[in-house]
Amino acid sequence: MKILSVVGARPQFVKLAPINKAARAAGVEHVIVHTGQHYDPMLSDVFFEDLGIGTPHVHLGVGSGSHGVQTGAMLSALDVVLDEHRPDWVLVYGDTNSTIAAALSAVKMHIPVAHLEAGLRSFNRRMPEEHNRVMTDHAADLLLAPTQVAVDHLAAEGLAARTRLVGDVMTDVLFDVRKQVEDRPSTPLQELGVERLGYYLATIHRAENTDDAARLGHIVAGLAALDKPVILLAHPRLTAKAAAHGLELDKGALRVHAPLAYPDLIAAALSSAGIVTDSGGLQKEAFLMRVPCTTVRTETEWVETVELGWNRLAGTAEEIAAAVRREPPVPTDATPYGDGHAAERVVEVLLAHAG
Ligand code: UD1
């Protein structure tokens, strides 16, 4: 059997790592196509290196652009690649423009397509990720859901017959990497002079938070006023938008730092007093590490993290401050995101449904 994975953005490289490992272990041929959506070495190459993925077999070099331009460039480039490889499965990941482009390209070429991390919903139709995931789920032949909540969303949309609950592959990779980093101090942050549990770790990159000057200014003011140093790992979109809005990021409690490689991010998160983020992945990683999280959004796809008390949504500077200062969450041994063996299950399901 031949699986062809299409990835392009940072969170997809993380999810790719355990799939690649499981495919190899099962003796399955695995072709990796990188669309080039993310091209900065710290958003791309370091993940392939640190997570032992190797080099992508095909790199489309698409780069940045408006949604239509970027997605269209991927679509036209993918036709040729899929035609050449004719895989048994095209595997697409998450909710980025690379996901929808690959799903659309495959379904139109009558190549079976499976969607990993199917069924997540924010029900916020202003998010580009929500369009991407809804359209991908309806185009795909097989929907690999990470959670029961995701399974239920797919059933509500009439997609139950194509759905399989496999667990969350981000749990697989997090458990592996946590083991590797647990005993080391968070070296990349030592240069900033912060102590274990003496800082918050923050990331902000979503269009809803960065693109409007007033909104971003409000979030930055909220972070700058927190009671401990806030290490802000700045995604290029944040840096670019802050500059365009004439907004200073390095002020008050805020200390700006370049994005971290995955093992460094996990080490930095484990040592932090809390996480403030608008990233989907980091909210869940925080829960898996049992680090309190504050999510700067009006809703989340990972509702289990909120229900279990480890994540709180915060829209305004005041809400961010209150959420960060809240009482420590109640310990839990709940495992809504699976057992760390989701990728093996994905490969089994793909094998069982091939050709
Ligand atoms: C994309 C995903 C988002 C995901 C995020 C993870 C979509 C619609 N969004 O958002 O769901 O959470 O990746 O990081 O696919 N840029 C660089 N270097 C890069 C990549 C981007 O400087 O390597 C800058 C460019 O100015 C670019 C901007 O960031 O225009 C946005 O990049 P893009 O890939 O379009 O979306 P992300 O915000 O990264």
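This briefing covers salt bridges, one helix and the ligand site. The model is predicted. A search of the whole structure finds 17 salt bridges. The ligand has 20 residues around it, and the protein covers 86% of the ligand's accessible area.

**A salt bridge between two loops**

- Glu 157 and Arg 121 form a salt bridge through their side chains, with an N to O distance of 2.7 Å.
- Glu 157 sits in the loop between α6 (148-156) and β7 (163-165), and Arg 121 sits in the loop between β5 (113-116) and α5 (128-139), so the pair ties together parts that are 36 residues apart in sequence.
- Glu 157 counts as partly exposed because its relative accessibility is 29%, which falls between the 20% and 50% cut-offs.
- Arg 121 counts as buried because its relative accessibility is 3%, and the cut-off for buried is under 20%.

**A salt-bridge network**

- Arg 133 pairs with Glu 130 in a salt bridge, and their closest N and O atoms are 2.4 Å apart.
- Helix α5 holds both Arg 133 and Glu 130, which are three residues apart, or about one turn of the helix.
- Arg 133 and Glu 130 are both buried.
- Arg 297 and Glu 301 also meet in a salt bridge, at 2.8 Å from N to O.
- Arg 297 is buried, as is Glu 301.
- Shared salt-bridge partners join these four residues with Asp 95 and Glu 299 into one network.

**Helix α10**

- Helix α10 takes in residues 213-224, a run of 12 residues.
- At 1.5 Å a residue, α10 should span 16 Å, and its end C-alpha atoms are 16 Å apart, so the two values agree.
- The expected span is taken as 1.5 Å times one less than the number of residues.
- Buried residues in α10 include Leu 216, Gly 217, Ile 219 and Val 220.
- Gly 222, Leu 223 and Ala 224 of α10 are buried too.

**Ligand site**

- Of the 20 residues around the ligand, the nearest are Gln 37, His 38, Tyr 39, Glu 129 and Arg 237.
- Gln 37 places a polar side-chain atom 2.8 Å from an oxygen atom of the ligand.
- Asp 40 makes its contact through the backbone: a polar backbone atom lies 2.9 Å from an oxygen atom of the ligand.
- Asn 97 has a backbone N or O atom 2.9 Å from an oxygen atom of the ligand.
- On its own, the ligand has 740 Å² of accessible area, and the protein covers 86% of that area.

Note on methods. Residues are numbered from 1 along each chain as its sequence is written. This is a predicted model: local features need pLDDT of at least 70, side-chain atom pairs count only at pLDDT 80 or more; totals for chains, interfaces and linings use all residues. Side-chain values use heavy atoms; hydrogens and water are left out. Helices (H or I, at least four residues) and strands (E, at least two) are DSSP runs, numbered from the N terminus. Buried means under 20% relative accessible area, exposed over 50%, partly exposed in between (1.4 Å probe, protein chains only). A residue is near a molecule or strand if one of its heavy atoms lies within 4 Å of it. A polar contact is a pair of N or O atoms within 3.5 Å; within protein, one must be able to donate a hydrogen and the other to accept it, and residues adjacent in sequence count only if both atoms are side-chain atoms. Accessible areas come from the Shrake-Rupley method with a 1.4 Å probe; for residues, only the protein chains shown count as cover.
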